[in-house]
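Hi everyone, thanks for coming. I'd like to walk you through one protein today, starting from a single strand and working outwards. Have a look at it first.

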Amino acid sequence: MRTFSKSKLLALRQCPKRLWLELHRPDLRKDSATTDAGFQVGYQVGDVARQIYDPQSVGAVIDIGVEGFNKALARSAELLLTAQPVFEAGFSAGGALAFADVMLPQDVAGRRVWRMVEVKSSTSVKDYHRDDVAVQAFVAQTAGVALESIALAHIDSSWVYPGGGDYRGLLRENDLTTEAFARAAEVKGWIVQAQRVDALETEPEMEVGPHCDDPFECGFHAYCSRDVLTAQCPVQWLPRLGAAKALELAKRGVTDMRDVGDELLNAKQQRVKAHTLANTVFFDATGAAADLSGHDLPAYFLDFETIQFAVPIWQGTRPYQQHCFQFSLHALSESGQLDHSGFLDLSGDDPSAQFAHALIAACGEHGPVYVYNAAFETSRINELAVRHPDLAERLLSINARVVDLLPISRERYYHPNQQGSWSIKKVLPAVVPELRYDDLSGVQDGGMAMEAFLEAIHPNTAAERKHEIAQQLLAYCQLDTYAMVRLWQVFAGRADLAL
């Protein structure tokens, strides 16, 4: 019989069909960039965990990629006879296979026992983490390991990095010993179920649904949904439908908004439905102009690009804190002249102070500062004010001038091509068709901007490539703010300006 890895058992917990495909058709799996990025974050947190749990570097690391399964399991058994920390120790027993992130030796009444710690890059304990440690505990104990306790360590998002490579305090432990030890019978049941799924000649029948993304984004989703008839006007285009209502409609077999009664929809959803089905544009030009009439020129149009690190790299920062590394700003004068300025730091150093100074200088002292989704930019400015109190008054004065174009867009405009979304990436091609993000080279959205930043600050990135990335980032962010200028022009009814 096959031995199942912990990841395979967790795949079963999500969906039996996923497990069967993992075992028999792994070639059909296509992980998204988000999934791949999550793996990389996990590896990074795992590396730091070794520093935390083995500050003297006396422990041993099992590398299954180099050693292979059999050698890795044999060396794990040997190392667990010693008194040193062991990382990625492997166990195989009871029909399952697992590798522990951290194994720490302890002496209890003259007897050597082990404390296991599973390390996660999340900021809290998730339900599937509990399944994870239950499998780990079962396999280790069945393999004869003297396992005294098991904990799950996750990132403490409130912790502040003191600098100097000192990551003590980054991880917060949660003892799950009692719970994990009590679930041995459950894990045995999962293994039996996995054997039955594995023995099937063909994949089990499972319809696509919410489980395809819970708790993980499934790499087989494209394969499983290949024969699913796509609705001409999917109910998912109805804004803020809500997971509960969407699930209720799915259970009733309703996938097209044409089959959703208006009595179930709010005014905004009814508007989207009506104009989608009629293929017409809704534009309350009078209302939009009135919304903007109280704001004179000069005007500024602002957008930020940010990065976040699970493991902070700059002193005084927190895990997953948003860091501004770039802004673009278009300034429209009273005479109608449009100028552009910006900031971009790809040095790899903390950009916050220079960013704040440049932002204050670029925004002037008077006139509205237009953004698209004000909660994001204003939150970042608030954070900069906290980190740099000497600049707080001037930074917060920018926030006081912010005008959000997003609610105006939501209330006054809708084009069927938006497909229920008011992101600027959807609204811009509808309002100003000649401007498109997919015409850009390299960086075309925020996720790509973050990936480009990480590549640019990597010490192995060549100067020529770094310059290329800088040009792509500048072009992308500049389009974001120019898009706002053009949206403002349409909404404000200022066709007299040659922008």
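**Around strand E5**

Okay, so E5 is joined to strand E6, residues 147-155, by six bridges, and the two run parallel. Before I go on: this is a predicted model, where local features need pLDDT of at least 70, side-chain atom pairs count only at pLDDT 80 or more, and totals for chains, interfaces and linings use all residues. Residues are numbered from 1 along each chain as its sequence is written, and side-chain values use heavy atoms, with hydrogens and water left out.

Some vocabulary. Helices (H or I, at least four residues) and strands (E, at least two) are DSSP runs, numbered from the N terminus. Two strands pair if DSSP finds at least two bridges between them.

Back to E5 and E6: which residue in E6 stands opposite Val117? That's Ala151. Getting from one strand to the other involves a helix: E5, helix H5 (residues 127-142) and E6 make a right-handed β-α-β unit. Right-handed here means that, with the strands pointing away from the viewer, the path from the first strand over the helix to the second runs clockwise.

E5 has another partner too. Strand E4, residues 96-108, is joined to E5 by seven bridges, and this pair runs antiparallel. One of the partnerships is Gln106 with Val113 in E5. The hairpin of E4 and E5 has two residues between the strands, and Ala109 in that hairpin takes a positive phi near 55 degrees.

So is E5 covered or open? Mostly covered: of the nine residues in E5 (111-119), seven are buried. Buried means under 20% relative accessible area, exposed is over 50%, and partly exposed is in between, using a 1.4 Å probe and protein chains only.

Now let's pick one residue in E4, namely Ala98. Why does Ala98 count as buried? Because its relative accessibility is 1%. Leaving aside neighbours within four places in sequence, Ala98 is in contact (heavy atoms within 4.5 Å) with Ala89, Gly90, Phe91, Gln136 and Val139. Also, Ala98 and Val135 are 37 residues apart in sequence, but 7.6 Å apart in space, C-alpha to C-alpha.

Let's zoom out to finish. The whole protein has 18 helices and 14 strands, and 47% of its 499 residues are buried. Its C-alpha atoms fill a box of roughly 85 × 55 × 40 Å, taken along the principal axes. Finally, take contacts between residues at least 6 apart in sequence: 68% of them join residues at least 24 apart.
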